Amino acid sequence: MDYLQIQGPTKLSGTVTISGAKNAALPLITLTLLAHNPVTLTNTPEVADIKTLLKLLENLGATQTLENHVLTLDTSSVHHTMANYDIVKTMRASILVLGPLLARFGHCEVSLPGGCAIGQRPIDLHLKALEQMGAIITIHAGYVHASAPQGLQGSHIVFDKITVTGTANIVMAAALAHGKTVLTNCAKEPEVVQLCEILRDSGIDIQGIGSSELTIIGTGGKTIDMVDFEIIPDRIEAGTYLCAAAITNSTVTLENVRHDHLNAVTAKLEQMGCRIDVTDTTMTLHPAKELKHVHIITQEYPAFPTDMQAQFLALAIFAQGTSIIEERLFENRFMHVSELQRLGADIMLNGHTATVSGGTPLFGADVMATDLRASSALVLAAMASEGTTNVHRIYHLDRGYENLEQKLRALGANIQRLKE
Ligand code: UD1
């Protein structure tokens, strides 16, 4: 197994190019299951989660090429409808094949994703919505067996809770359903917006894009002539590099970035004393003279993203005063706290709230990555700590950050990947 060795404290400078968004690419890859033509996706991030999903599509019978971030997918040859436990257990987002497979083939069998480090993460809302669209769903031997022999029927679905992959799954199912589907209380994340825009550009009648209510007229089972497209930049990777600049007291420029997707994140960085200059495709962070404490509440987009919570918690350790970080989306998303305490951080955890007393110096230690974003928080903290930190179990990082250590090294960090 690989680990990262980081020598701190470090100063960064220069420019980093942000990759395509993993969380946009995942549903967009499964969207191609609705197409009858080969589709080319540019700006595809080459990270482990994408390779896992491509493996799943290959198992279903799709053909593909991925070179220099250009992915071409042809799902016309798909003939299997079963998503196996072996793949689904490694990546929950595999559940995104459920809606498209059911809509296209009238049946499918998808392994239940099971537990997850950051909380329970059920898929009940996905299943309930499909049932409302006429699907017959049974759970047997760890698999969701879904069928809709007459095809899925349009319906009015009100999500009890806002769910990102749930919205994406049902939008895809509705695109091939019979008649009109109205989805209320939808996720408004940029990744969901892009999915809807591609369907619209491919000829699907879809209204309300970017709002919490979507209306979709399905094709009645007919596959789609899908357009080629470019995946939006990864706002979470971008936010992580902004935090890397802020925590190391450095000026760093991000390229290939959409600042309008990062308003909640930049607002908090500005409150902490940083300055951010933007152009259409770049963002430059100028560090705070002295980082100020912050109050963060994670919520659905456009509010502050839970996927940036761990990185800001790391940043708050280096701010003056007491910061409050409230996690509202996942019940167990503070596992990085005990690892950050190993570096010397003063953090009190009480249920969903972390209280961070800033300004205590950190010293390098061995720490363990526990999930994708928690891992990046450890890397950030390590770059601002005195001495050597070894971050173990970095396969979590590889799931979602493309070339993290190369990108940080190019900015001047003293970081290397070693074998245990
Ligand atoms: C997506 C993102 C993930 C991000 C999360 C929240 C992808 C691939 N992953 O995950 O990075 O952290 O959004 O922004 O895009 N819930 C239910 N029942 C369901 C579905 C969800 O109770 O059927 C709950 C979840 O447990 C959680 C909340 O709803 O508490 C939000 O989850 P959801 O938006 O579905 O997260 P994901 O789509 O899995």
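Student: In this predicted model, which residues are the closest to the ligand, and how many surround the ligand?

Tutor: The ligand is surrounded by 19 residues, and the closest are Asp124, Thr163, Thr165, Asp307 and Leu329. What places a residue in this shell is a heavy atom within 4 Å of the ligand.

Student: What makes the approach of Asp307 to the ligand a polar contact?

Tutor: The cut-off for a pair of N or O atoms is 3.5 Å. A polar side-chain atom of Asp307 lies 2.6 Å from an oxygen atom of the ligand, so the pair is within the limit and counts as a polar contact. The side chain of Thr163 also has a polar atom 2.7 Å from a ligand oxygen, and for Asn23 the distance from a side-chain N or O atom to an oxygen atom of the ligand is 3.0 Å.

Student: How much of the ligand does the protein bury?

Tutor: The protein buries 88% of the 740 Å² that the ligand exposes when taken alone.

Student: Which helices supply at least two residues of the shell, and what is the character of the shell residues?

Tutor: The helices are α1 (22-31), α5 (124-132) and α6 (164-175). The largest share, three residues, comes from α5. By class, the shell has nine nonpolar, five polar and five charged residues.

Student: Why is α1 called roughly parallel to α2?

Tutor: The axes of α1 and α2 (residues 48-60) are 10 Å apart and meet at an angle of about 5°. Angles under 35 degrees count as roughly parallel, and therefore α1 is roughly parallel to α2.

Student: Which residues of α1 and α2 meet?

Tutor: From α1, Lys22, Ala25, Leu26, Ile29 and Thr30 meet Asp49, Ile50, Leu53, Leu54 and Leu57 of α2. The contact between α1 and α2 consists of seven nonpolar, one polar and two charged residues.

Student: How do you know that His286 and Asp277 form a polar contact?

Tutor: Their side chains are joined at 2.9 Å, and the limit is 3.5 Å, so the distance satisfies the criterion. His286 is found in strand β17 (residues 282-286). Beyond its neighbours within four places in sequence, His286 is in contact with Thr251, Cys274, Arg275 and Asp277.

Student: Where are the cis peptide bonds that precede Pro9 and Pro302, and what is omega in each?

Tutor: One joins Gly8 and Pro9, with omega about -5°, and Pro9 is placed in the loop between β1 (2-8) and β2 (13-17). Another joins Tyr301 and Pro302, with omega about 10°; Pro302 lies in the loop between β18 (295-297) and α10 (309-316). Most peptide bonds are trans.

Student: What makes the phi of Asn249 notable?

Tutor: Most residues other than glycine have a negative phi. Asn249 is a residue other than glycine, and its phi is positive, near 60°. The residue lies in the loop between α8 (235-247) and β15 (251-255).

Terms used
Residues numbered from 1 in each chain as written. Predicted model: local features only at pLDDT ≥ 70, side-chain atom pairs only at ≥ 80, totals over all residues. Heavy atoms only, no water. Polar contact = N/O pair within 3.5 Å; in protein donor to acceptor, adjacent residues only side chain to side chain. Areas by Shrake-Rupley, 256 points an atom, 1.4 Å probe, with all protein chains shown as cover. Helix = DSSP H or I, 4+ residues; strand = E, 2+ residues; numbered from the N terminus. Nonpolar A, V, L, I, M, F, W, Y, C, P; charged D, E, K, R; others polar. Axes fitted to C-alpha atoms, helices over the stretch in contact; angles between N-to-C directions. Parallel < 35°, antiparallel > 145°, perpendicular 65-115°, else oblique. Contact = heavy atoms within 4.5 Å.
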